[in-house]
Amino acid sequence: MRLLLVEDELDIQGFLKRSLEEAGYQVEAAADGKAAERLAIDGAFDILIVDLGLPDQDGIALILRLRQLGVRAPVLILSARRSVDDRVRGLEQGGDDYLTKPFAMAELLARLRNLLKRKNPPGNEITRLRVLDLELDLLRREASRSGQILQLTPQEFVLLEYFCRNAGRVVTRSMILDQVWGMRIHPDTNVVDVHIYRLRGKVDSNGQQPLIKTLRGVGYVLKDR
Ligand code: CA
């Protein structure tokens, strides 16, 4: 999936680019409207993320311009402007979805998936993830182990989904914070450890083989064999 990211705040742009690439997108980034236009003319994109406050033009004006240039891909507007008026204006003038800053990466990824699904309805997209005897139904948002349904909170489900998508690979605490909680939480918090402790209590109970392994000082890994 090719994604065009238009964001002028370079630290947010860098964070988003890394996170989106980890999620499997091929990302081209632009820091202003002119650069975005050039990229959009040069290459086809499946989806766009556009910030409204750009240095050389308004993001809405950019979206209108891109539509004139024949860009049909869905656009997710990402903006600090939170008022109902701004959001309605954004959606009426070419945006397909609107997310306000600050945002959680997991929510951004879910919205992108929705936009892409709407664009390509009959799907062969992944709806189930399976790692050993662990199974996630991404449509029902239901997890089970050896056929037994796990009672997870929505946040725990997102966390487990992230582990399954990275099964067998080490994920660090900061990767989890970025992907599951976005930028809303200070990195020193122990929220990750607390959630993993609870998740483990549900996934690795009943004397089954423990799947979530801690690598001290490094991070965690979900066993895939
Ligand atoms: Ca901006």
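User: How many Å separate the centres of domain 1 and domain 2?
Analyst: Happy to start there, keeping in mind that this is a predicted model. The domain assignment gives domain 1 as 2–119 and domain 2 as 128–222. Taken over C-alpha atoms, the centres of these two domains are separated by 29 Å.

User: And what is the area buried between domain 1 and domain 2?
Analyst: The contact draws 11 residues from domain 1 and 13 residues from domain 2. Carbon and sulfur atoms give 55% of the area buried between the domains. That buried area comes to about 990 Å².

User: Which three residues supply more than any other three of the area that domain 1 buries against domain 2?
Analyst: Here we look at the domain 1 side of the contact, and at the share supplied by a trio of residues. Together, the three account for 39% of the area that domain 1 buries against domain 2. They are F15, E22 and A106.

User: Which residue forms a salt bridge with R113?
Analyst: Between domain 1 and domain 2 the count is 1 salt bridge, while the rule finds 0 residue pairs in polar contact across that interface, with both residues at pLDDT 80 or more. In the salt bridge of R113, the closest N and O atoms are 3.9 Å apart, which falls inside the 4 Å cut-off. The partner of R113 is E161.

User: Which element gives the largest share of the side of domain 1 that touches domain 2?
Analyst: Two elements give two or more residues to this side: α1 (10–22) and α5 (105–119). By class, the side has 7 nonpolar, 1 polar and 3 charged residues. The largest share is 5 residues, and it comes from α5.

User: Why is the protein as compact as a globular protein of that length?
Analyst: Let's set the scene with the secondary structure, which comes to 8 helices and 12 strands. The globule rule gives 17 Å for 225 residues, and the radius of gyration is close to that value, so the protein is as compact as a globular protein of that length. Along the principal axes, the C-alpha atoms fill a box of roughly 60 × 40 × 35 Å. The radius of gyration behind this answer is 19 Å.

User: How many residues apart are E7 and K101?
Analyst: A search of the whole structure finds 22 salt bridges, and one of them joins the side chains of E7 and K101 at 2.9 Å, N to O. E7 sits in the loop between β1 (2–6) and α1, and K101 in the loop between β5 (97–100) and α5. This pair links distant parts of the chain, and its separation is 94 residues.

User: Which residue does a cis peptide bond join to K101?
Analyst: The bond has an omega of about -5 degrees. The partner of K101 lies in the loop between β5 and α5. It is P102.

User: Where is L132 found?
Analyst: L132 has a positive phi of about 50 degrees, although it is not a glycine. Its place in the chain is the loop between β6 (128–131) and β7 (134–137).

How values were computed. Residues are numbered from 1 along each chain as its sequence is written. This is a predicted model: local features need pLDDT of at least 70, side-chain atom pairs count only at pLDDT 80 or more; totals for chains, interfaces and linings use all residues. Side-chain values use heavy atoms; hydrogens and water are left out. Domain bounds come from an automatic or database domain assignment. Contact means heavy atoms within 4.5 Å. Buried area is the accessible area (1.4 Å probe) that two parts lose on being put together, summed over both. A polar contact is a pair of N or O atoms within 3.5 Å; within protein, one must be able to donate a hydrogen and the other to accept it, and residues adjacent in sequence count only if both atoms are side-chain atoms. Helices (H or I, at least four residues) and strands (E, at least two) are DSSP runs, numbered from the N terminus. Ala, Val, Leu, Ile, Met, Phe, Trp, Tyr, Cys and Pro count as nonpolar, Asp, Glu, Lys and Arg as charged, and the others, Gly among them, as polar. The radius of gyration is taken over C-alpha atoms; the globule rule is 2.2 Å times the number of residues to the power 0.38.
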